[in-house]
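Hello,

Here is the structure we spoke of. Please open it alongside this note. My findings follow below.

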Number of protein chains: 2
Amino acid sequence: MSVRVLEHPRVEEIRLEAVLRALADPARLEVVCFLARTGGEAACSEIDLAVSKSTGTHHYRVLREAGVINQVYRGTAKMSSLRKADLDALFPCLLDSVISAAAKRPRTQRNK
Amino acid sequence: MSVRVLEHPRVEEIRLEAVLRALADPARLEVVCFLARTGGEAACSEIDLAVSKSTGTHHYRVLREAGVINQVYRGTAKMSSLRKADLDALFPCLLDSVISAAAKRPRTQRNK
DNA sequence: ATCGTACTACGACAGTCATCGTAATACGAC
DNA sequence: GTCGTATTACGATGACTGTCGTAGTACGAT
């Protein structure tokens with residue numbers, strides 16, 4: 001591998017089903033909530049998921065390919081951030097409602 | 001089969017991931033939009049999905065088990081309706097944003 | 001150039017999912 | 001009871017998903 005450019009869907013390519021599907025997983029929801037909380041970028045390694053590294057990579061890719069997050073390489077780190085503006089434009093209120101619902105629910109519901 | 005009672009999750013058993021997952025399918029989204037549009041109940045046969053009957057049954061069950069719709073038998077018909085109040089209470093604004101997003105997007109995006 | 005950290009690619013695996021056809025059940029009308 | 005409509009149960013199938021370990025690449029620091 002030598003390509004250090006990550007493919008992202010253009011705004012008009014983002015599909016509602018794909019976004020919902022991407023959000024319908026505890027690990028991915030955790031990533032989204034983390035990014036929403038901190039507001040900016042985060043390296044994959046900052047967010048510790050309850051899964052292996054390779055599984056983590058998989059989840060980040062699903063989020064990116066659905067158009068939920070943006071990812072760029074910065075040195076050895078891969079920084080992720082929410083595509084909040086894009087999502088809000090396409091699906092007003094969706095992201096906020098999912099995030100606040102996820103944040104509010106009891107910890108007992110946080111795992112699959 | 002002689003049981004004519006359908007199991008539904010109680011409000012407190014409804015889980016965000018399950019709801020998102022249930023909504024992340026074109027056929028099921030179509031059912032939800034139809035029910036939202038008409039406001040009340042509808043028989044399975046009123047909503048024609050682009051899938052076979054048995055697949056339709058499967059999708060209705062997924063929606064019901066996720067807590068998105070309510071189903072009751074009325075004669076030979078099985079009437080479905082949105083659990084809008086329950087969902088709004090749990091995840092404010094979520095359902096509305098999904099429905100309006102689904103309704104607004106171009107027809108070219110309506111199929112998987 | 002070597003090392004360590006961060007991340008990925010690949011292949012494997014078990015589990016779930018969407019799909020269907022066929023056969024069967026439930027109920028109302030006759 | 002018989003018929004027709006509405007829906008389901010069952011089993012099969014192919015595709016996708018989440019999971020992982022191993023081996024590898026990319027990059028910054030030394």
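**The interface**

Between them, chain B and chain A bury about 1,900 Å², with 60% of that on carbon and sulfur atoms. Please keep in mind that this is a predicted model. The contact draws 25 residues from chain B and 25 residues from chain A.

What is the count of salt bridges between chain B and chain A? It is 0. The count of residue pairs in polar contact between the two chains is also 0, taking pairs with both residues at pLDDT 80 or more.

Which elements of chain B give two or more residues to the side that touches chain A? They are α1 (16–23), α2 (26–38) and α5 (94–104). The largest share of that side comes from α5(B), with 6 residues. By class, the side of chain B that touches chain A has 14 nonpolar, 3 polar and 8 charged residues.

**Symmetry**

A turn of 180 degrees, with a shift of 0.0 Å along the axis, lays chain B on chain A. The RMSD is 0.0 Å. That is the relation of a two-fold axis. The same surface serves both copies, and 100% of the contact residues of chain B recur in chain A.

**Ser97 of chain B**

B:S97 sits in helix α5 of chain B. Is B:S97 buried or exposed? Its relative accessible area is 3%, which is under 20%, so B:S97 is buried. The side chain of B:S97 reaches the backbone oxygen of B:L94 at 2.9 Å.

B:S97 also touches residues of the other chain. Leaving out residues up to four places away in sequence, B:S97 touches A:P92, A:C93, A:L94 and A:S97. One of these contacts, A:S97, carries the same residue number in the partner chain.

**Cys93 in both chains**

A:C93, one of the residues touched by B:S97, has a backbone feature to check. Its phi is positive, about 80 degrees, although A:C93 is not a glycine. A:C93 is in the loop between α4 (84–90) and α5 (94–104) of chain A. With a relative accessible area of 27%, A:C93 is partly exposed.

Chain B has its own entry here. Phi of B:C93 is near 80 degrees, again a positive value in a residue other than glycine. B:C93 lies in the loop between α4 (84–90) and α5 of chain B. B:C93 is partly exposed, with a relative accessible area of 28%.

**Helix α1 of chain A and Glu17**

How many of the 8 residues of α1(A) are buried? The number is 6, and the helix is mostly covered. The buried residues are A:L16, A:E17, A:V19, A:L20, A:A22 and A:L23.

A:E17 deserves a look of its own. It is placed in helix α1 (residues 16–23) of chain A. A:E17 has 4% relative accessibility, and therefore counts as buried. Where is A:A66 relative to A:E17? The two are 49 residues apart along the chain, and their C-alpha atoms are separated by 8.9 Å.

**In short**

A two-fold axis relates the two chains. Their contact has 0 salt bridges. On the side of chain B that touches chain A, α5(B) gives the largest share. B:S97, in that helix, is buried. Cys93 has a positive phi in chain A and in chain B.

Best wishes

Methods. Residues are numbered from 1 along each chain as its sequence is written. Chains are lettered from A and ligands numbered from 1 in the order in which they are written. This is a predicted model: local features need pLDDT of at least 70, side-chain atom pairs count only at pLDDT 80 or more; totals for chains, interfaces and linings use all residues. Side-chain values use heavy atoms; hydrogens and water are left out. Copies are superposed by least squares on the C-alpha atoms of residues with pLDDT of at least 70 in both. Contact means heavy atoms within 4.5 Å. Helices (H or I, at least four residues) and strands (E, at least two) are DSSP runs, numbered from the N terminus. Buried means under 20% relative accessible area, exposed over 50%, partly exposed in between (1.4 Å probe, protein chains only). Buried area is the accessible area (1.4 Å probe) that two parts lose on being put together, summed over both. A salt bridge is a side-chain nitrogen of Lys or Arg within 4 Å of a carboxyl oxygen of Asp or Glu. A polar contact is a pair of N or O atoms within 3.5 Å; within protein, one must be able to donate a hydrogen and the other to accept it, and residues adjacent in sequence count only if both atoms are side-chain atoms. Ala, Val, Leu, Ile, Met, Phe, Trp, Tyr, Cys and Pro count as nonpolar, Asp, Glu, Lys and Arg as charged, and the others, Gly among them, as polar.
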